[in-house]
Amino acid sequence: MGFIYSLRASPCVGSGYVEAALNPRNGTCAQMTDIGRERKKNHPHTNQLFPPPVVMTASSLHSDCLVVLFGATAGAYRAKLGSDERELILLVWQVVDLHSKKVGTLHKCLVKADNLELSDQCREVTGLTSEGLSKAEPLDRVLQQFSQLVSSDLKALGRNTYTFCTDGQLLIRQVLHPEASKKNLLLSDCFYSFFDLRKEFHDCYSNVAPVKDQTIQSMAEYIGFRIDETEEDFGVWQVKAMVAVIFNMLPDTCVADDRFTVPETVKYKYETGPCSKSEAVDSETVIRARGLPWQSSDQDIARFFKGLNIAKGGVALCLNAQGRRNGEALVRFVNSEQRDLALERHKHHMGSRYIEVYKATGEEFLKIAGGTSHEVAQFLSKENQVIIRMRGLPFTATPEDVLGFLGPECPVTGGKEGLLFVKYPDGRPTGDAFVLFACEDYAQNALKKHKEILGKRYIELFRSTAAEVQQQVLNRYMSTPLIPTLPTPIIPVMPPPYTIAAGSVRDCVRLRGLPYTAGIDDILEFMGDATVDIKPHGVHMVLNQQGRPSGDAFIQMKSSDRAFLVAQKCHKKMMKDRYVEVFQCSGEEMNFVLMGGTLNRSGLSPPPCKLPCLSPPTYAFQTAAAVIPTEAAIYQSQALLPQSRTQQASAAAAAAAVAAATPTVTYYPAQAAQLYMNYTAYYPSPPVSPTTVGYITAPQAAVAAAASATHTPMLPQPGALVRMQGLPYNAGMKEILSFFQGYQLHADAILLLYNFSGQLSGEALVTFPSLDSAKKAVAERSGCLLGSHCVELCLI
């Protein structure tokens, strides 16, 4: 049986009970005090148990007996139990008959953990050692022994059913269920319901402290039960005190509808389902999980939160701008108590990765999971289904083709009704489909067909979720009308989702080191009185390539003087728990970073040919907005470089005028300009699919018009401009500065150029302080070697 101490107990006498306990230290047997008589002695002026319980009625008891259960882990204790992922090392329990008021044998069992290292607090409180635990049984064997011993005690008492009673929720929800899930142990049904003694005690006595402040000691003191921790083993005195509290809560004449009628429950599995945008979601029930493996499904996330009750359809996987999972999810729980327990799992592990858990809002959850499409709602109305996503289907594929591809070994729920083909708003198929399966086995059989051939194409299959169905089908494809694609050539476009700022006037400020949870409101509060000097739509949050806050933001002020004052006043001022650096900068520098480039000590690095990493501070997807003329789009192409400073100035003025006339947040090319959106720009690819880049295609006439148009280059400072050609592809700022040694250049004067695929093109633009110095550099350095490459210089 392992290391299990058993302490025999006799039936109760009157309102108390007498217990004979075997002392595990010296093997002696000591007669325990009659608890009923002890209460009368302490409170002689009352004939009932003190204090009197509040009367409460219910239809029937949940079960015949309670199993009073207490446990400890190798780490944190009490309110932090289970918060550090440490394993269970101790279980103590005793059966209590609620009808006859008898008790069974008190058992104490050590559990061998995989990691036998104990925290200092654990050693001090429990008195246990690593050597002692090394001789104990592992958790799976202990649970088997527990089941056998409880069955034996119930048989001795003449009872059949029981329910756990624990000191709070942590032992069941935060220790047993998570550990069993990680070790792939199947817990019996009895572990999915239990009574929280603290809640029952609070319901029984109206004038006690709140539930969260209750402890075993405080409840025992309230009923007058004396605890001597020095005479009892750790865990034994806790169970004895809990039993005493339970008997005190029961009236002298116990009837079947007084106490312990509505237990706490743990959901067996996560339930999928749709979520409507009109549904009210309490922000106190939502968390954001960050750092998830890209292949994680909603069931994997539910398993991470095993023991806690997630609301139906309460897992929403977040997608980035390319439609891929970005390693984050929003999870909605049934109540705020479950959410608070979920927050205690911050930096717990999913496999080898730790997961960050933060508070989120109901609005954020609805933006990801909400939907109103009747087709999607009807598809997701079949509950408790496993969802698989198919990608790469032939555009001519029919439901019969898909069902035939899957075969009889993985039948689809409802046949054709279990298929949802994803289409563009004009009705053409995208090559994606979602499939419902009734059980995990069928889904596993389907996933084995990953990259098998249908027609002449191989098909990719991935796990999916209800929220992903709504995001991919409803929120993305149905929100932005797409128009047919014209032939190549392809020109990369970077549409600016902010008011265009041009020139070198330092009327902007850069905020660096923002808390990652900071939003627009936090920045405005941080700015204080200076907010009146911010231009309309002048606050720009910068996200990294994973779609997460980068900790940077840019703010456009009404003048350079105001920007200077803000930088002086707010530099290193605290926002939440972090100090924020505030620097004055120009509109050109702000544009540069907002379009995907970097601004640091190494100089200015231009953005690759892809859409900018910008979004609102929440996980809102971009929706269709008013279009902007061709002149407002910024191209990055050699044919579009300016020919003179006069042209640059006029282009800047034109761009500023366009921006002033277009106050919307998101821009799309105008249909009249014959610039058409390629479907790949917003095609949401699943994990491990090829990366998609945002392009627009245009006919030859549009290319010629664009080449003849004037545009403002993103240059850090005024001066003479020199183009370098033939650079090694690995050449950086340092190599170019060495090449121009003696010309008094710095990194900010160098602009590396990229090709359409986002790679270095072998060219760069260099700004010299004066025209004379630029001419001298061209004359002296053109044709010289940089590495093994001959570099050509030309004055622009």
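In this predicted model, a good place to start is a single pair of residues: M350 stands opposite R353 in strand β15. The pair belongs to the meeting of β14 with β15 (residues 353–359), where 3 bridges join two strands that run antiparallel. Both strands are part of an open sheet of 5 strands, arranged in the order β12-β13-β11-β15-β14 with antiparallel pairing. The edges of this sheet are formed by β12 (310–319) and β14 (348–350), each of which pairs on one side only. From one strand to the next, the twist averages 35°. A helix accompanies the sheet as well: α10 (residues 336–343) lies across β11 (286–290), β13 (325–333) and β15, and runs at about 140° to β15.

Stepping back to the whole chain, the protein has 22 helices and 37 strands. Of its 796 residues, 53% are buried. Among contacts between residues at least 6 apart in sequence, 74% join residues at least 24 apart.

A second open sheet comes later in the sequence. Its 5 strands follow the order β23-β24-β22-β26-β25, and the pairing is antiparallel. Strands β23 (534–543) and β25 (573–575) stand at the edges with a single partner strand each, so one side of each has no neighbour in the sheet. Here the twist averages 30° from one strand to the next. Within the sheet, β22 (residues 508–512) and β26 (residues 578–585) run antiparallel and are joined by 5 bridges; V509 stands opposite Q584 in β26. Strands of a sheet pair through backbone hydrogen bonds, either parallel or antiparallel.

Two helices can be placed against this second sheet. Helix α16 (residues 520–527) lies across β22, β23, β24 (549–557), β25 and β26, running at about 125° to β23. Helix α17 (residues 560–570) also packs on the sheet, where it touches β22, β24, β25 and β26; the direction of α17 makes about 155° with that of β26.

Further along, another antiparallel pair is found. Strand β32 (residues 720–725) is joined to β34 by 6 bridges, and A720 stands opposite F768 in β34. Strand β34 (residues 760–768) is mostly covered, with 7 of its 9 residues buried.

Turning to the interior, the largest nonpolar core has 51 residues, and L69, W93, F164, F191 and F305 are those with the most contacts inside it. Helix α4 (residues 139–157) gives the most to this core, contributing 8 residues. For a closer look at one member, F305 can be followed to its contacts: beyond the residues up to four places away in sequence, F305 touches I287, I310, V331, F333, A342, R345 and V357. Apart from the largest core lies another, of 45 residues, which includes I89, L98, C204 and F234.

I89 also appears among the neighbours of L128, a residue in the loop between α2 (120–126) and α3 (130–133). Leaving aside neighbours within four places in sequence, L128 is in contact with I89, L110, L118, R123 and L133. L128 has a relative accessibility of 13% and therefore counts as buried, the cut-off being under 20%. Between L128 and L110 there are 9.3 Å in space, C-alpha to C-alpha, for a separation of 18 residues in sequence.

Helix packing can be followed around α6. Helix α6 (residues 197–204) and helix α8 (residues 236–249) pack at an angle of about 30°, with their axes 11 Å apart, and their crossing is left-handed. On the α6 side the contact involves L197, E200, F201 and C204, which meet M242, V245, I246 and M249 in α8. Sorted by class, the residues of this contact comprise 7 nonpolar, no polar and 1 charged.

Helix α6 also packs with helix α7 (residues 216–223), at an angle of about 30° and with the axes 11 Å apart. This crossing, too, is left-handed. Here L197, R198 and F201 in α6 meet M219, Y222 and I223 in α7, and the contact has 5 nonpolar, no polar and 1 charged residues. L197 and F201 thus take part in the contact with α8 and in the contact with α7.

Definitions and conventions: Residues are numbered from 1 along each chain as its sequence is written. This is a predicted model: local features need pLDDT of at least 70, side-chain atom pairs count only at pLDDT 80 or more; totals for chains, interfaces and linings use all residues. Side-chain values use heavy atoms; hydrogens and water are left out. A nonpolar core is a set of buried Ala, Val, Leu, Ile, Met, Phe, Trp, Tyr and Cys residues joined through side-chain atoms within 4.5 Å. Buried means under 20% relative accessible area, exposed over 50%, partly exposed in between (1.4 Å probe, protein chains only). Helices (H or I, at least four residues) and strands (E, at least two) are DSSP runs, numbered from the N terminus. Contact means heavy atoms within 4.5 Å. Axes are lines fitted to C-alpha atoms, for helices over the stretch in contact, and angles run from 0 to 180 degrees between N-to-C directions. A crossing is left-handed if the near helix is turned anticlockwise from the far one by less than a right angle, and right-handed if clockwise. Ala, Val, Leu, Ile, Met, Phe, Trp, Tyr, Cys and Pro count as nonpolar, Asp, Glu, Lys and Arg as charged, and the others, Gly among them, as polar. Two strands pair if DSSP finds at least two bridges between them.
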